[in-house]
Amino acid sequence: MPDEKIVSIPWDEFVSKVCLRQEILSLFEVLRKEAESRGLFLYVAGGPVRDFLLGREIMDVDLVLVGDWEIILDRVLSKLGGRLLMRSQFLTYKVQLGGETIDLATARKEYYSQPAVLPQVARAGLEDDIWRRDFTINALIYGLTSPYREKIVDKVGGIEDIKKGIIRPLHEKSFIDDPTRILRGLRYKVRFAFNFGEEFFRALKLAEEVSSPLSLSPTRLSQELVNFVKKEPFHLLYHLISELKMFEILKKFGLKERNFEEDDLIVLARARGELGEKEFQKLFLLSLVELNEQNLARLGFGNEERSQIEKYLKKIEEGLYYRDDILKTVETLERIPLFFLYRLLLEARFREMVREYLEKWRYVKPLIGGYDLKALGVTDGKRIGEILREIRRMKLLGKLNSPSEELDFAKNLIFFRN
Ligand code: ATP
């Protein structure tokens, strides 16, 4: 075990790197005084301390208490008029104070009854709370009250690892307990341009030997993969995916990966600008793997969504046989959700067809509307829909090029064909 290292850092210096509103920092001060007056140890742990030492901006600060938050919270909340929003099974709390939401954690230890399951937790002291963490670089704490007020405490050799740029788990069974740490470690490696220590590979091998990554639930696996796009900057995405490939990580989690190419990033970047967050996350997950039943199930796509996806695939396969029939192709493609069309864009055989649809055909719409048709005496809504669809078909064939041509065509349909 490494020697304990203690480094004094004045609070003002620490908070100079914190990007939080002054109001939140004042709230921290209230919480600090409350904990101090009761002789309870309050501290900041993990990411903020690591980022401070790396000279990076600190975007988020979670406070950890050795003791029972509920004793302090009652008083602080009634004093400041705040409210408890949530308390979790992991002894964490979300509170709303002065219009801000703050996360509070309890110093705890964790028990894993089986590999890869969520742990049971119990309140504990500082030592346990440090050793339950994932990597040495994430196991540093900064004290707000005595006995370590305004001090960074390093019991795990984290300061040295930050200096050397090494990602090292805290013990060799770490990834057996929680295989999500493998993916977390990979994110930190890429984000900070660090290296894995040999302990990382040893822990990986031990986890593989007992198939722990295969036991991770689909929900947790996909949540952790989604963090690649949720928590990391987009410009690092290709690098992250290349590392997944290099260490054959997806295979260890039971996924058959597809060959993600650098050009695929262009598709993802475009999709990111157009899709909602959840849809983009689904596309990202699907961009990592081949589209088969087993992969979809492993990534947590439910029965219904899986059979939908199978249907879309069948439809587009069929579409290849009538690809010269624009009308039919457009009608097929417009029934497929956008996130999946972007995924199809990553398959060479569908690319041209889907690209034309996404870039051109989907924007082809009649320039005249229901109002114009009503003015011509059509009152039945269904009939209006039919005429507008017919106009769209003609436009896709390049036969109608102005509103007046569309109107003439509509008149022809209304007055001469009925
Ligand atoms: P960032 O948000 O910048 O990725 P962070 O360190 O704040 O980094 P969080 O996911 O918010 O990351 O986790 C906070 C801290 O909780 C981590 O620094 C780590 O000490 C601990 N932690 C989080 N997830 C795990 C895990 N799966 N196993 C062990 N410790 C974890």
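Okay, a definition to start: two residues are in contact if their C-beta atoms, placed from the backbone, lie within 7 Å. We'll need that for helices lying on a sheet and for helices packing together.

Now the ground rules. This is a predicted model, where local features need pLDDT of at least 70 and side-chain atom pairs count only at pLDDT 80 or more, while totals for chains, interfaces and linings use all residues. Residues are numbered from 1 along each chain as its sequence is written.

So, the overall layout. The protein is divided into domain 1 (1–164), domain 2 (169–288), domain 3 (302–360) and domain 4 (370–416), with bounds that come from an automatic or database domain assignment. Domain 3 and domain 4 have their C-alpha centres 27 Å apart.

Next, the sheet. When I say helix or strand, I mean DSSP runs numbered from the N terminus: helices are H or I with at least four residues, strands are E with at least two. Two strands pair if DSSP finds at least two bridges between them. If you're new to this, strands of a sheet pair through backbone hydrogen bonds, either parallel or antiparallel.

Here, eight strands make an open sheet with mixed pairing, in the order S1-S10-S9-S2-S3-S6-S5-S4. Why do S1 and S4 (83–87) each have one side without a neighbour in the sheet? Because they stand at the edges, each with a single partner strand. Ignoring direction, neighbouring strands of this sheet are turned by 30° against each other on average. Axes, by the way, are lines fitted to C-alpha atoms, for helices over the stretch in contact, and angles run from 0 to 180 degrees between N-to-C directions.

Let's zoom in on one end. S1 (residues 5–8) runs antiparallel to S10 (residues 151–154), joined by four bridges, and valine 7 has isoleucine 152 of S10 as its bridge partner. S10 also pairs with S9 (residues 141–143), antiparallel again, over two bridges; there isoleucine 141 is matched with valine 153.

The loop between S9 and S10 is a fun one. Proline 147 sits there, and the peptide bond leading to it from serine 146 is cis, with omega near 15°. Glutamate 150 is in the loop between S9 and S10 too, and its phi is near 55°, a positive value in a residue other than glycine.

Over at S4, the pairing with S5 (residues 93–97) is antiparallel, over four bridges. Helix H4 (residues 69–80) lies across S3, S4, S5 and S6, running at about 15° to S5. Helix H2 (residues 22–37) lies across S2 (41–45), S3 (63–66), S5 and S6 (100–106), at about 35° to S6.

On to a helix pair. H11 (residues 218–230) and H15 (residues 277–288) pack at about 105°, with their axes 10 Å apart. That makes them roughly perpendicular, because angles of 65 to 115 degrees get that name (under 35 is roughly parallel, over 145 roughly antiparallel, the rest oblique). Among the residues making the contact are Leu225 of H11 and Phe284 of H15.

Last stop, the ligand. Which residues surround the ligand? Gly46, Gly47, Arg133, Asp134, Asn138, Ala139, Asp178, Thr180, Arg181, Arg184 and Lys231, where near means a C-beta atom, placed from the backbone, within 6 Å. Helix H8 (residues 180–192) gives the largest share of that shell, three residues. Domain 1 and domain 2 each supply at least three.
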